[in-house]
Amino acid sequence: MAQNTLPTVQTGRTYTREEALALDASDPLHHLRSEFIIPTKDHPNTSKDEACIYLCGNSLGLQPNRTADRIAAHLGAWATKGVSGHFKDHEDSKLPAFLHIDDVAAQRMAPLVGASAGEVAIMETLSANLHLMMASFYRPTDAKYKILLEGKAFPSDHYAVESQIRHHGLKPEDAMILIEPADQTAATTATSQILSMIEKHAPDAALIVLPGVQYYTGQYFDIPTITAYAHSHGIAIGWDLAHAVGNVELHLHEWEVDFAVWCSYKYLNCGPGAIAGLFVHEKHGQVNEDATSSGAVEYRPRLSGWWGGDKATRFQMGNKFVPIPGAAGFQVGNPCALAICPLLASLEIFELTSMSAIRAKSIMLTNYLDELLRRTGSEDSPMGKAEMYRIITPAKPAERGAQLSILLRPGLLEAVMMDLEKQGVVVDERKPDVVRVAPAPLYNTFSDVWEFVDIFKRACAKAAKGSATSTQNGEVSSAFAGKSAKGWSQIK
C-alpha cells in the first residue's frame with residue numbers, strides 16, 4: 001500500500017507540549033488510535049472521562065474496539081448454528097467457519113512475521129509451543145547435546161529449556177549454556193559475544209534459543225546475523241518473539257529461521273493469555289508420502305495430535321497420522337475458535353497499514369522518548385537526570401524496539417511508581433529498580449510521550465527529595481554509580 005510521509009524529527013526543536021501536538025497532527029497513523037479503547041484515569045483528582053497515559057503495550061496491549069463485535073459474532077454463530085458452524089460460512093459476520101478459523105488467522109498473521117501462510121500456525125500458548133518445537137528440534141546425541149540460552153531469558157523459557165534437558169536424562173549444569181555479556185558491567189549482550197559463544201560451543205551444541213527482543217532491556221537482537229552464524233556451524237536456532245511480533249519488522253522465511261514462537265497479548269493486542277503462534281520454516285515442514293504400496297510417510301519428528309493431521313482424512317478417524325505440510329502439521333489439539341476471534345480483530349487493524357509504517361513511527365516515538373529523557377537543565381526539569389536514572393536499552397534505533405528500560409537510582413522505584421499511578425500513567429516495573437516504557441505506535445501519541453516524561457521527571461525529583469539517601473549530591477551520585485557498575489550481575 002502507498003506510504004504516507006511520517007512526521008520528521010527536526011533538529012533545534014523546542015521540546016514543548018505544543019510541539020508534541022504538532023507531531024501528532026502530522027502523523028498519518030494517528031487515526032488508528034480511535035480503533036482502541038483507551039482506559040481512563042481512575043483517580044479522585046482527574047476526570048473520569050480523561051484517558052490515561054498508557055505506555056504498557058509491551059506487557060498487555062489495549063483492546064481494539066472491534067474485538068467485542070467479533071466475539072459476539074462468534075457466540076451468535078455458535079448459538080444459532082451449533083455444530084454446523086464448523087463447516088458453514090457465516091454470511092452474517094466477518095468470521096470464517098469454525099473448522100477454518102485457525103487457517104485464516106495464520107494467513108493473516110504471516111505478513112507480520114515475514115512468512116508464507118504455510119509456515120505459520122495459530123495455536124496453544126508461547127511456552128507450550130516452545131516445548132512442542134524443542135520436542136522436534138532438540139535431538140541430543142552423545143556428541144551434541146547442549147542448548148545455548150540467553151543468560152537473562154524470560155523465566156518460562158529458562159524453565160522450558162531446563163526441563164527439556166532433564167527430560168532427555170541430562171543435567172542442566174552440563175547441557176545448558178547461558179550467554180551473558182563479556183563485560184559484566186554492561187546490561188546488554190553484543191552480537192559479537194553471542195557469535196563467540198556459538199563458535200566456542202559449536203562442537204557439542206544441539207540447539208540455540210534466543211529472544212528477538214529482550215524483555216528486560218528491550219534490546220533487539222540481530223536475528224539474521226545470529227541465525228546465519230548458527231547455521232554455518234550446523235546448529236538449529238529458535239527465537240522467542242514475544243516482544244518482537246507487531247513491534248519490529250521480521251522476515252523469518254528470508255532469514256531462514258528454523259522455528260519461532262510468540263504470544264499475542266502484547267503488541268498484537270489480543271487480551272490476557274491470548275492464543276499464541278509459531279513459525280516453522282518450510283524446509284522443516286515437508287511431508288513425503290511413499291507412492292508405493294508401503295505407504296510410508298516421512299516427516300520431521302514431533303509430538304503429534306489429530307489437528308495436525310491431513311484435513312482430508314481427519315474426520316475418517318483412522319490411526320495413520322499424515323501431517324499437514326508446514327507449520328499446521330505441528331498442531332496438536334483443536335484450537336479455541338473463541339480465542340482466535342480477538343486475534344482476527346487485531347489483524348484487521350494491522351491490515352489498515354503496514355509493518356514498515358508501524359516500525360517507522362515506532363522509531364520516531366521511541367527516539368522522541370529517549371531525547372526527552374536525556375534532556376537536562378532547569379528549563380526542562382526540576383532535577384538533573386544523571387542523578388536519578390539512566391537508560392539501559394541500546395541507544396541505536398536498529399538495536400531496540402518500542403521499549404525503553406530505565407534504571408532508577410536505588411530506593412526510588414516504589415515512590416516513583418506510586419506517583420505515576422496517581423497521575424494516571426500506566427507503565428511497567430521490574431524490581432528492584434527498572435521502569436519499562438513502551439509507546440505502541442498503533443495507539444500512542446507524541447503527546448503521550450511528552451506528558452509521561454514531564455510527570456516522570458517530577459516524580460523522580462519528588463522521590464529523591466523524600467529519600468533519606470539523597471540529602472547530599474555526593475551521596476546520590478556515588479550510590480547510583482555503584483548501582484550502574486553492577487550492570488549485568490545486578491540484572492541477574
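Residues 377-385 stay under a pLDDT of 50. In this predicted model, that stretch has 15 contacts beyond four places in sequence. Residues 468-486 are also below 50, with 30 contacts beyond near neighbours in sequence. Across the protein chain, the mean pLDDT is 90, and 88% of the residues score at least 70. Helix 14 (residues 473-491) has the lowest confidence, with a mean of 44. Strand 7 (residues 259-262) has the highest, at 99.

Now to the interior. In soluble globular proteins, nonpolar side chains tend to be buried together. Here the largest nonpolar core holds 68 residues. Met109, Trp239, Leu241, Leu250 and Trp262 touch the most other members. Helix 10 (residues 337-350) is the top contributor to this core, giving eight residues. A second, separate core has 37 residues, among them Leu365, Tyr389, Ile391 and Leu404.

Take tryptophan 239. Leaving aside neighbours within four places in sequence, its contacts include Leu210, Pro211, Gly212, Phe221 and Ile223. Tryptophan 239 also contacts Val257, Phe259, Ala260 and Val261.

Next comes a charged residue, arginine 436. Arginine 436 sits in strand 15 (residues 434-437). Is arginine 436 buried or exposed? Its relative accessibility is 1%, so arginine 436 counts as buried, the cut-off being under 20%. What does its side chain reach at 2.6 Å? The partner is the backbone oxygen of tyrosine 215. A second polar contact, of 2.5 Å, links the side chains of arginine 436 and aspartate 428. Beyond four places in sequence, arginine 436 also touches other residues, including Leu55, Asn58, Ser59, His243, Gln403 and Leu404. Leu404 is itself one of the members of the second core.

Notes: Residues numbered from 1 in each chain as written. Predicted model: local features only at pLDDT ≥ 70, side-chain atom pairs only at ≥ 80, totals over all residues. Heavy atoms only, no water. Helix = DSSP H or I, 4+ residues; strand = E, 2+ residues; numbered from the N terminus. Buried < 20%, exposed > 50% of the residue type's maximum accessible area, 1.4 Å probe, protein only. Polar contact = N/O pair within 3.5 Å; in protein donor to acceptor, adjacent residues only side chain to side chain. Contact = heavy atoms within 4.5 Å. pLDDT = per-residue confidence, 0-100. Core = buried A, V, L, I, M, F, W, Y, C linked by side-chain atoms within 4.5 Å.
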